[in-house]
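Please look over the sequence and the structure shown here before reading on. The report below takes up a helix, the nonpolar cores, the charged pairs and a pocket in turn.

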Amino acid sequence: MALLMEYHAPVMLHECVEGLAIDPSGVYVDVTFGGGGHARAILEKLGPEGRLVVFDQDPDAVVNAEEINDERLVFVEANFRYLQKYLRLHGFKAVNGILADLGVSSHQLNKAERGFSTRFNAELDMRMDKTAAFSAKTLVNEYSEEALHKVLGMYGEVRNAKTLATAIVSARVGKTITTVDDLKNILERFAPKGRSSKYYAQVFQAFRIVVNDEMQALEEMLAQTAVVLSPAGRLVVMSYHSLEDRLVKNFMAKGKFLGDVEKDFYGNMMRPFEPVTRKPVLASAD
């Protein structure tokens, strides 16, 4: 059995734990458990009365959780969009801190059969929840040209999204697009010279986001944090690509996902959170 840290080495571990300002007797939530790197660091800061609730829908993460023998740990095998529901089920009305490490883990990228990476040939999958019926294979073979155009442009920010959507629809007429290489064979004709890897990554990101309904799930989870966090509770979110980053920043700064501002009768901005740092904390070179 692989060591937890081989599953996924957590980025900005110190900064995240510091950002939570952990109370040893508090209740904390890690909504993206993964390999348990952040969870272990949080548990080290908690006292006997503290509790840590962790969420993950990936079956591989369930195995990792079983390796942590700690009564203070509560594992929830579910998408973080059900945050409030499962906290209530486990008897937690309010929590002191919530951590979210967004995106795909290095384990998921390195496991060829999951179909997340452009580096390996495997069946097009990209499901974080392997019990889900909808996969990347379904998407590329069944979405209309118009829908593919929208997905590629909106979630991958692919410049020639319309042309690529047309090519995908044409290619699947004679043969089902089944594997990563099948898709890459179509993409290579449209990738900018010298930037094919980035182009592939943009397309795969777009499909992964849709397969896992990532943006909608993120909005639902964030909205619930304002309800379940106790006064002075902390929310720490690590975001990677510009789409989720923009959404998180807007919500934290203004309480709205689209960046609009709601004000009270006196003209004061109405928002659930007060930013702790003036600017987002960035990763160091290390």
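What follows is a description of a predicted model, arranged by topic.

## Helix 11 and its surroundings

Helix 11 runs over residues 196-211, and because 16 residues at 1.5 Å a residue should span 22 Å, the separation of 22 Å between its end C-alpha atoms agrees with expectation. The helix is mostly covered, with twelve of its 16 residues buried. Among the buried residues are the aromatic side chains Tyr199, Tyr200, Phe204 and Phe207, and also Gln202, Gln205 and Arg208.

The cover over these buried residues includes helix 7 (136-142), helix 8 (145-155), helix 9 (161-174) and helix 10 (180-187), together with helix 12 (214-228) and helix 13 (242-254). After helix 11 comes aspartate 213, whose phi is positive, near 50°.

## Two nonpolar cores

The largest nonpolar core holds 31 residues, and those with the most contacts inside it are Val29, Val31, Leu83, Ile98 and Leu222. Two or more residues of this core come from each of strand 1 (27-30), strand 2 (51-55), strand 3 (73-76), helix 5 (83-89), strand 4 (95-101), helix 12, strand 5 (229-238) and helix 13. The largest share, six residues, is given by helix 12.

Beyond its neighbours within four places in sequence, leucine 222 is in contact with Leu235, Val237, Leu247, Val248, Phe251 and Phe257. A second core, separate from this one, has 30 residues, and Leu148, Val151, Leu152 and Tyr199 are included in it; Tyr199 is also one of the buried residues of helix 11.

## Salt bridges

The model contains eight salt bridges. One of them links glutamate 220 and arginine 81 through their side chains, at 3.0 Å from N to O. Because glutamate 220 lies in helix 12 while arginine 81 lies in the loop between strand 3 and helix 5, the pair ties together parts that are 139 residues apart in sequence. With a relative accessibility of 27%, glutamate 220 counts as partly exposed, whereas arginine 81, at 14%, counts as buried. Salt bridges with shared partners join Arg81, Asp213 and Glu220 into one network, and the aspartate in this network is the residue with positive phi that follows helix 11.

Two further pairs each join an arginine to an aspartate. Arginine 72 forms a salt bridge with aspartate 70, in which the closest N and O atoms are 2.7 Å apart; here arginine 72 is buried, its relative accessible area being 16%, while aspartate 70 is partly exposed at 22%. In the salt bridge between arginine 127 and aspartate 125, the closest N and O atoms are likewise given as 2.7 Å apart, and both of these residues are buried.

## The largest pocket

How much space lies in the largest pocket? The computed figure is about 1,100 Å³. The pocket is lined by 34 residues, of which Val237, Met252, Thr277, Pro280 and Val281 lie nearest its centre.

Helix 2 (13-20), strand 5 and helix 13 are the elements that give two or more residues to the lining, and strand 5 gives the most, with eight residues. Strand 5 and helix 13 are also among the elements that give two or more residues to the largest nonpolar core, and Val237, one of the residues nearest the pocket's centre, is in contact with leucine 222.

Terms used. Residues numbered from 1 in each chain as written. Predicted model: local features only at pLDDT ≥ 70, side-chain atom pairs only at ≥ 80, totals over all residues. Heavy atoms only, no water. Helix = DSSP H or I, 4+ residues; strand = E, 2+ residues; numbered from the N terminus. Expected span 1.5 Å × (residues − 1). Buried < 20%, exposed > 50% of the residue type's maximum accessible area, 1.4 Å probe, protein only. Contact = heavy atoms within 4.5 Å. Core = buried A, V, L, I, M, F, W, Y, C linked by side-chain atoms within 4.5 Å. Salt bridge = Lys/Arg side-chain N within 4 Å of Asp/Glu carboxyl O. 1 Å grid on protein atoms, 1.4 Å probe; cavity = no way out; pocket = protein on both sides within 12 Å on 5 of 7 lines; lining within 4 Å. Points joined across faces, edges and corners; volume = space filled by probe spheres on them.
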